[in-house]
Amino acid sequence: YFPIKGGFFSRVQGTVKAVDDVSFQIRPGETLGLVGESGCGKTTVSRLILRLFDPTAGEIWFRDGEDRSDLATLSQKDIRPLRKNIQMIFQDPYASLDPRMTLLQIVGEPLKSNHLAQGSELIDRVAETLQMVGLRPEYMSRYPHAFSGGQRQRVGIARALVTRPQLIVADEPVSALDVSVQAQILNLLRDLQEQLSLTYLFIAHDLSVIRHISDRVAVMYVGKLVE
């Protein structure tokens with residue numbers, strides 16, 4: 001719930017129930033499509049799973065091997081070791097990449113921040129991941145402005161994959177792309193899922209995209225899961 005504040009002292013005058021009574025399960029290796037109109041709470045759900053928002057109430061269970069953790073109750077310090085296992089692909093390939101960083105810095109940053117690789121090992125991991133998403137390792141020294149929208153989204157996918165996560169939350173990853181490029185990115189995501197045994201929460205409002213990639217579909221309406 002988000003508070004509505006107003007008046008001279010910014011007192012809480014009400015709440016917006018952005019996500020309320022939403023419950024679903026994603027099985028290992030499957031794609032759950034989360035669909036609904038703009039503003040229904042899909043992106044809020046994704047940010048709750050990643051703990052970019054703190055939930056008002058409820059549970060978010062994540063299985064890491066034999067261990068199960070309730071992400072909703074963990075502090076930011078305790079959730080940090082799990083972040084390498086849950087990554088996100090963002091909607092806008094232009095806004096989600098820092099224009100002042102090279103591809104090596106962009107894709108290598110999750111490895112650095114999670115203390116997974118450094119030096120030549122980091123460069124090798126970045127090169128390998130770029131190849132997996134259809135980009136040449138020689139592009140590592142280039143900046144985002146040198147690439148098209150589809151190529152930038154491949155960089156965003158590489159950044160999400162480089163830590164070898166279990167769960168990827170894809171927040172409308174093809175909605176900002178041309179239709180011909182959308183098909184390429186969707187096919188790439190399916191190939192990567194098969195290759196790396198990935199689990200996807202795929203958020204979209206385009207039903208044809210959802211039909212193409214999903215194993216099961218959950219429908220949201222005004223903050224609730226209705227079907």
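**Figure 1. One cavity turns up in this predicted model.** Searching the whole structure finds one cavity of 30 Å³ or more. The largest cavity has a volume of about 40 Å³. Who sits around it? The lining of the largest cavity is made by I49, L50, L71, I79, L82, R83 and I86. Sort that lining by class and you get six nonpolar residues, no polar ones and one charged. Keep an eye on I49, R83 and I86 from this lining, as these names come back in the next views.

**Figure 2. The largest pocket holds about 1200 Å³ of space.** Here we move from a cavity to a pocket. Its lining takes in 36 residues, and those nearest the centre of the largest pocket are F24, I49, E59, I60 and W61. Two elements give two or more residues to this lining: α1 (42–49) and β4 (61–64). Which element gives the most to the lining of the largest pocket? That's α1, with four residues. By class, the lining of the largest pocket is a mix of 19 nonpolar, 10 polar and seven charged residues. I49 is worth finding here: this residue lies among those nearest the centre of the largest pocket, and I49 also lines the largest cavity.

**Figure 3. The second largest pocket holds about 420 Å³ of space.** This one is lined by 14 residues, with R83, I86, Q87, M88 and P110 closest to its centre. The elements giving two or more residues to the lining of the second largest pocket are β6 (86–89), α3 (103–113) and α5. Its lining splits into seven nonpolar, three polar and four charged residues. R83 and I86 do double duty: they are among the residues closest to the centre of the second largest pocket, and they help line the largest cavity too.

**Figure 4. Helices α3 and α5 pack with their axes 7 Å apart.** Both helices just appeared around the second largest pocket, and here they are side by side. The angle between α3 and α5 is about 30 degrees, which makes α3 roughly parallel to α5. On the α3 side of the contact look for L103, I106, V107 and P110, which meet V155, A158 and R159 in α5. The contact of α3 with α5 has six nonpolar residues, no polar ones and one charged. P110 belongs to this contact and is also one of the residues closest to the centre of the second largest pocket.

**Figure 5. Helices α3 and α4 pack at an angle of about 115 degrees.** Helix α4 covers residues 119–132, and the axes of α3 and α4 are 9 Å apart. How does that angle read? The two helices are therefore roughly perpendicular to each other. α3 passes α4 in a right-handed crossing. From α3, the residues L103, L104, V107, G108, L111 and K112 meet L122, I123, R125, V126 and L130 in α4. Of the residues in the contact of α3 with α4, eight are nonpolar, one is polar and two are charged. L103 and V107 meet residues of α4 here, and they meet residues of α5 as well.

**Figure 6. Helices α5 and α6 pack with their axes 10 Å apart.** For this last view, α5 spans residues 149–161 and α6 spans residues 179–196, and they pack at an angle of about 20 degrees. That makes α5 roughly parallel to α6. The crossing of α5 past α6 is right-handed. G150, R154, I157 and L161 are the α5 residues in this contact, and they meet V181, Q184, I185, L188, L189, L192 and L196 in α6. By class, the contact of α5 with α6 divides into eight nonpolar, two polar and one charged. So α5 has featured twice, packing against α3 in one view and against α6 in this one.

Key: Residues numbered from 1 in each chain as written. Predicted model: local features only at pLDDT ≥ 70, side-chain atom pairs only at ≥ 80, totals over all residues. Heavy atoms only, no water. Axes fitted to C-alpha atoms, helices over the stretch in contact; angles between N-to-C directions. Parallel < 35°, antiparallel > 145°, perpendicular 65-115°, else oblique. Left-handed = near helix turned anticlockwise from the far one by under 90°. Contact = heavy atoms within 4.5 Å. Nonpolar A, V, L, I, M, F, W, Y, C, P; charged D, E, K, R; others polar. 1 Å grid on protein atoms, 1.4 Å probe; cavity = no way out; pocket = protein on both sides within 12 Å on 5 of 7 lines; lining within 4 Å. Points joined across faces, edges and corners; volume = space filled by probe spheres on them.
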